[in-house]
Amino acid sequence: MTQAEIKLCSLLLQEHFGEIVEKIGVRLIRTGSQPLRVIAHDTGTSLDQVKKALCVLAQHNLVSYQVHKRGVVEYEAQCSRVLRMLRYPRYIYTTKTLYSDTGELIVEELLLNGKLTMSAVVKKVADRLTETMEDGKTMDYAEVSNTFVRLADTHFVQRCPSVPTTENSDPGPPPPAPTLVINEKDMYLVPKLSLIGKGKRRRSSDEDAAGEPKAKRPKYTTDNKEPIPDDGIYWQANLDRFHQHFRDQAIVSAVANRMDQTSSEIVRTMLRMSEITTSSSAPFTQPLSSNEIFRSLPVGYNISKQVLDQYLTLLADDPLEFVGKSGDSGGGMYVINLHKALASLATATLESVVQERFGSRCARIFRLVLEKKHIEQKQVEDFAMIPAKEAKDMLYKMLSENFMSLQEIPKTPDHAPSRTFYLYTVNILSAARMLLHRCYKSIANLIERRQFETKENKRLLEKSQRVEAIIASMQATGAEEAQLQEIEEMITAPERQQLETLKRNVNKLDASEIQVDETIFLLESYIECTMKRQ
Amino acid sequence: MASRGGGRGRGRGQLTFNVEAVGIGKGDALPPPTLQPSPLFPPLEFRPVPLPSGEEGEYVLALKQELRGAMRQLPYFIRPAVPKRDVERYSDKYQMSGPIDNAIDWNPDWRRLPRELKIRVRKLQKERITILLPKRPPKTTEDKEETIQKLEKEEEVTSEEDEEKEEEEEKEEEEEEEYDEEEHEEETDYIMSYFDNGEDFGGDSDDNMDEAIY
């Protein structure tokens, strides 16, 4: 794990889970797999604190454990999973676009709690939806269950590995840690539950009445007494499926930008048809015949078969090679080259970064070197039609930032520098890695700056929160306009200005984080698929 | 080595490679050497592209900020323990500090986790046992046999009851360790936030105060 990644993980853990979990998590990421006592000793925290932190991390699938010989349990942290926490808002928003508010809340609850049973999710979501509905209306459990089943069918949520049920009792003592297994077939199997009920609205009057007697009698909540029908079956959000969806979205929008709306719809149809049949790491989708595509086009599209064939031929001939033709049966068999598409997207990202950072002339040189693969300095000046001095300057700038590299080709066996060719080349994989590293650093900087800004203005923020609370309570008890005005004036005009600036800055920093995370997703997908290929 | 020293001596400014191949012509001034690390905030030549605005961008932004706030309120956010102050105060008993004995606020499925992660709460158990013992009726010896028999029967019944109670409570405590804190808390009729020990008040403006603070 690079230092930048570790720093980013540390910031994310601290923001979402507190300092203790951050200390333990970073320790595990840095040093790999370790047993409990070693962690406690090395970090200097008490054993109880370490246990608490490990429980939290395990609940959120950030840490896994393994039983080694002599019964020692070792814990290992997944750094890449911690970095996914940046993407939670994007996952939730995507579910909202696909399955509306119910789906959005289901995925949100699963992400916030790590893993939950289906009944727990349904109850929580129904309660939350009932809060937002008008008085008197409640959310039925059945509707939430339906959405949950749909999410499971399209693989957006999956079952967690569970404790294997042993029929014969163990002769010896139970193992120190269970080994969790999951069967491929069962991963999306929804248990048959009959969840009947409606969401409960949290009424403030109920709380006041029940407040006193509750304090006296011991808190045995009734839920614990009833046996939970799907006990032990936990669900988690399937991040790989979301990533597949993002990748498809990126490809479709790339085609739409390059060609037109119709071709992007065709590509979207092809991707939708191969969602379940193709695994997420395959280099290209299963071949689809033109007839099949014609039948599966969305209902509103009235293009004739011939027009579809023309579009497909155009897509297949395009130099970007998103779509390839793999045969002629069935009116032409077409595949989508997923790896090539990701490579093109990564290259486009690199080009755009060079353009925004160094200018359009540099971008021209960059594209030239990409096209020619290896090119000498003299030739760069000629092909790009840029004066020698500027070209030289730009080449060195890009070289020093590691967007380009030099390839030496010696003429003589003694590698004498005066008799060696020096060729400029772009190695996309290493440039992508370098850019990814910079992205991690950028996000870490953004988070730090945001925390700094919030800390600087902490006193002001607290004051404004208190004033808002006072105003809210006064409005609830029915105060006059004049009194409200007076309270509002407790915050002076320059303070209001300061608050406005703070809010604007924090919003900008947050939005930038989201943007950088999109770039990270593209680069990571490209690097992952290239590594798999090799 | 002799050759290296010699190389340094003759022909100052000669580099090992052919300068022209790289593109520095004869007589061109080389850029000055850099004597300090690059500046922290180098001036930007080109302004960055504006961030995406619009419904989607704003919704995702609001969602992100909400999530951040929500995660701080969940029981998974572990706050470091409040440092012990110099003197024990009466209100400490009633202030809402973290869960007793570092137990967790939420209930994970212990079957899925290694056994060593389960934190056992022992202190309250001991308290319970000490409270129960004096409740046992002391074995008295009396003259009248009837009363002896009656008492013996009662003793058996009550000692059985007591034993059962103890076993039950031990079992309950093993099963519901995480609820101990709530039972401990609920010894008072008052809301927890009632006990403001007033230490934060009056500490700010202590300069030039000649009168006593009431």
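**View 1. Helix α2 over a three-stranded sheet in chain A.** In this predicted model, helix α2 of chain A, residues 19-31, lies across β1, β2 and β3 of chain A. Relative to β3(A), the helix runs at about 95 degrees. Turn to the sheet itself next.

**View 2. The open sheet under the spotlight: β1-β3-β2 of chain A.** Three strands make up this open sheet, in the order β1-β3-β2 (chain A), and the pairing is antiparallel. Why is one side of β1 and of β2 in chain A left without a neighbour in the sheet? Both β1 (34-35) and β2 (63-67) of chain A stand at the edges and each has a single partner strand, so one side of each stays unpaired in the sheet.

**View 3. Zooming in on how β1(A) meets β3(A).** Two bridges join β1(A) to strand β3 of chain A, residues 73-77, and the two run antiparallel. If you want a residue to look for, try Q34(A): its bridge partner in β3(A) is Y75(A).

**View 4. Y334(A) and its surroundings.** You'll find Y334(A) in strand β9 of chain A, residues 333-336. Is this residue buried or exposed? Y334(A) has a relative accessibility of 2%, so it counts as buried, the cut-off being under 20%. Setting aside neighbours within four places in sequence, Y334(A) is in contact with a list of residues including M270(A), Q286(A), P287(A), L288(A) and S290(A). Also among them are L312(A), T313(A), A316(A), V323(A), G324(A) and K325(A). As for K372(A), it sits 38 residues from Y334(A) in sequence and 29 Å from it in space, C-alpha to C-alpha.

**View 5. T347(A) in helix α15.** Here we're on helix α15 of chain A, residues 338-358, which holds T347(A). T347(A) is buried because its relative accessible area is 13%, and the cut-off is under 20%. Which residues does T347(A) touch, leaving aside its neighbours within four places in sequence? It is in contact with L370(A) and I428(A).

**View 6. Chain B and the confidence scores.** Keep the scores in mind when looking at this one. Chain B averages a pLDDT of 63, and 36% of the residues score at least 70. Over residues 123-142 of chain B the pLDDT is below 50, and this stretch has 24 contacts in the model beyond near neighbours in sequence. Residues 202-207 of chain B also have a pLDDT below 50. Beyond near neighbours in sequence, the 202-207 stretch has one contact in the model. For the complex, the predictor gives an ipTM of 0.83 and a pTM of 0.77.

Conventions:
Residues numbered from 1 in each chain as written. Chains lettered and ligands numbered in written order. Predicted model: local features only at pLDDT ≥ 70, side-chain atom pairs only at ≥ 80, totals over all residues. Heavy atoms only, no water. Pairing = 2+ DSSP bridges. Helix = DSSP H or I, 4+ residues; strand = E, 2+ residues; numbered from the N terminus. Contact = heavy atoms within 4.5 Å. Axes fitted to C-alpha atoms, helices over the stretch in contact; angles between N-to-C directions. Buried < 20%, exposed > 50% of the residue type's maximum accessible area, 1.4 Å probe, protein only. pLDDT = per-residue confidence, 0-100.
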